[in-house]
Each structure stands twice: as C-alpha cells, then as structure tokens.
Amino acid sequence: MKQVYQGKTKDVYALDDGNYMLKFKDDVTGENGVFDPGANKVGLSIEGMGNSNLRMTDYFFQKFNAAGIPTHYISADLANGTMTILPAKMFGGHGVEVICRFRATGSFMRRYGLYAQEGQPLDALVEITLKDDERNDPLITKDALEQLGILTGEEHDILKNLAKRISNLIKDDLAGKGMELIDIKLEFGRVGEKGEIALIDEVSAGNMRVYKDGKKLDPLELNRLALG
C-alpha cells in the first residue's frame, strides 16, 4: 500500500489489486475555526470526525449503489476508518465539484445577493466549480467546460441530472429524520474501462449544510442524527 495523495480531509493509498483506499481524517473545511462545507481549505479539526464521516458516507453509498446510481464505492472498514474504492479519472485532470442548492445561503448569497434573499427556496439548483485552490474554485459554465475540453455538453447534462437525483435522495432521507438539506457539495469522475460518470469522494457532514428546527447542525451532530 502506497500513499499517492494527501488531501484536506482524506489521504489516498494505492492498493496492490489496482483499487484505492481512502483514509478519513478528523479535519474539516472552514474559515477562522468555523466549519464551512463550501470552503477550500482546512478550518479546524474535530475529534472523531473522520470515522463519523466514513460511517455516513458508507450509509449513503450503499443506498446509491442499491438505487443503481454509479459510484466508486466498493466497501468500508469502519474499525480502521478506511474505504476501498475503484480508480477514477478526474475531469480535466484536476476535477470539478458540483454544488446542489435547496436554499440560498453562503457563497450563493455573496454572488447573487442583489437578487436573492437569505434562505430563499431553490429548486435543486446545480452549480459546477473547478477544483482550483489558487483561484478559489471558480464557477464554470456548460459552454466553458465544453470548449476547454473538460466535459462534453452531454456529459455536463449527465452530471447535472445525477447531482439532482443524488441530492434529492439525500434530502428525502434527512427529511424523514426531521432535518432539512440546505446545500451539498458532490464530486464526480470517470470510473471503469468505459469511463462511466460516477459519484466519487465522500457524502457526509463534511460536505453538506443541514438545518433542524431552523438551526444549522454541527457536523458530528448531523452525522449522529442521520445515522439514527
């Protein structure tokens, strides 16, 4: 087993069989010691966060696989805080992130505050950003993705529809437990010989904003409530 990447919230190891292993950390993204799923740097460390995020990721990826949604998930080892995954190729070589929004808040309000109101309902609004810390993960349009050779127009539409389907599945699951999904950040890549577009990375409190009784849940509490 060889470490091939050291990430903000996970490290990646290559396995002898050609698959990979993710090792979850206790670090979460944020600014000035405050958790923010939309931030592009580590903001704080929360004891037990890595294992908690893995448990929630395992829970949802099993649901996605059962629903026929393509993912990179193979299995999880909860005792050791790791997840075994299929190899995936990043779009454009560096990757894109997909944000699905059900209410206006955070960076959406910073951009569109002239027209939007804080907390305004949004209908699974999808935004795509480039994974580029140096440029603060800029938003990118369908045309730009196509002309830069990152995604074809057809792939963009597949990505968008998958993001909506996944986000609504998570939203409904959380709603059944008395919580409201506000927004979520997802990551996709190409998996398998045919390069099928699939959900990769994680799905946990580390990349979503969720409210209960009008208050934002902290990551550990969110994971605890989501897993019942």
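**View 1. Glu-187 and its partners around strand S12.** In this predicted model, Glu-187 of strand S12 stands opposite Ile-200 in strand S13. The two strands run antiparallel, and 5 bridges join S12 to S13, which covers residues 196-200. Together they form a hairpin with 4 residues between them, and in the turn you will find Gly-192, with a positive phi of about 85 degrees. Glu-187 also forms a salt bridge with Lys-131, where the closest N and O atoms are 3.2 Å apart. Glu-187 lies in S12 while Lys-131 sits in the loop between strand S11 (121-130) and H3, so the pair ties together parts that are 56 residues apart in sequence. Glu-187 counts as buried because its relative accessibility is 7%, while Lys-131, at 29%, counts as partly exposed.

**View 2. Strand S12 and the other strands it pairs with.** S12 spans residues 180-191, and 10 of its 12 residues are buried, so the strand is largely enclosed by the rest of the structure. Strand S10 (residues 96-103) runs antiparallel to S12 and is joined to it by 5 bridges; here Cys-100 stands opposite Ile-184. Strand S14 (residues 208-212) is also antiparallel to S12, with 4 bridges, and Leu-181 stands opposite Val-210. Strand S9 (residues 88-89) joins S12 through 2 bridges, again antiparallel, and in this pairing Ala-88 stands opposite Val-191.

**View 3. Salt bridges at Arg-103 and Arg-190.** The count of salt bridges in the model comes to 16. One of them joins Arg-103 and Glu-180, with the closest N and O atoms 2.5 Å apart. This pair links distant parts of the chain, since Arg-103 is in strand S10 and Glu-180 in strand S12, 77 residues apart. Arg-103 is partly exposed, with a relative accessible area of 28%, and Glu-180 counts as partly exposed at 31%. In another pair, the side chains of Glu-155 and Arg-190 meet at 2.8 Å, N to O. Glu-155 belongs to helix H4 and Arg-190 to strand S12, so this salt bridge ties together parts that are 35 residues apart in sequence. Glu-155 is buried, with a relative accessible area of 18%, whereas Arg-190 counts as partly exposed at 22%. Look as well for Arg-101, Arg-111, Glu-127, Asp-183 and Arg-209, which are linked in a network of salt bridges.

**View 4. Leu-151 between two helices.** Leu-151 lies in the loop between helix H3 (142-147) and helix H4 (153-175). Its relative accessibility is 3%, so Leu-151 counts as buried. Not counting residues up to four places away in sequence, Leu-151 touches Phe-91, Leu-145, Glu-146, His-156, Leu-159 and Arg-190. For a sense of scale, the C-alpha atoms of Leu-151 and Val-12 are separated by 25 Å, and these residues are 139 residues apart along the chain.

**View 5. Helix H1 and Asp-58.** Helix H1 has 18 residues (49-66); at 1.5 Å a residue it should span 26 Å, and its end C-alpha atoms are 26 Å apart, which agrees. Among the buried residues of H1 are Met-49, Leu-54, Asp-58, Phe-60, Phe-61 and Phe-64. Asp-58 is buried yet has no salt bridge: Arg-55, the nearest side chain of opposite charge, is 7.3 Å away. Leaving aside neighbours within four places in sequence, Asp-58 is in contact with Tyr-73, Ala-76 and Leu-78. After H1 comes Gly-68, with a positive phi near 80 degrees.

**View 6. Phe-64 and the nonpolar cores.** The largest nonpolar core has 48 residues, and Phe-64, Leu-159, Ile-170 and Phe-188 are among those with the most contacts inside it. A second, separate core of 5 residues includes Phe-108, Met-109, Ala-116 and Leu-122. Leaving aside its neighbours within four places in sequence, Phe-64 is in contact with residues including Ile-69, Ile-166, Leu-169 and Val-203.

**View 7. The S7-S8 hairpin and a three-stranded sheet.** Strands S7 (residues 73-77) and S8 (residues 82-85) run antiparallel and are joined by 4 bridges. The bridge partner of Asp-77 is Thr-82 in S8. This hairpin has 4 residues between its strands, and Gly-81 in the turn has a positive phi of about 70 degrees. Elsewhere, 3 strands form an open antiparallel sheet in the order S5-S4-S6. Its edge strands are S5 (34-35) and S6 (42-45), each pairing on one side only. S4 (residues 27-31) and S5 pair over 2 bridges, with Gly-30 standing opposite Phe-35.

How values were computed
Residues numbered from 1 in each chain as written. Heavy atoms only, no water. Expected span 1.5 Å × (residues − 1). Buried < 20%, exposed > 50% of the residue type's maximum accessible area, 1.4 Å probe, protein only. Pairing = 2+ DSSP bridges. Lys, Arg positive; Asp, Glu negative; His and termini not counted. Salt bridge = Lys/Arg side-chain N within 4 Å of Asp/Glu carboxyl O. Contact = heavy atoms within 4.5 Å. Core = buried A, V, L, I, M, F, W, Y, C linked by side-chain atoms within 4.5 Å.
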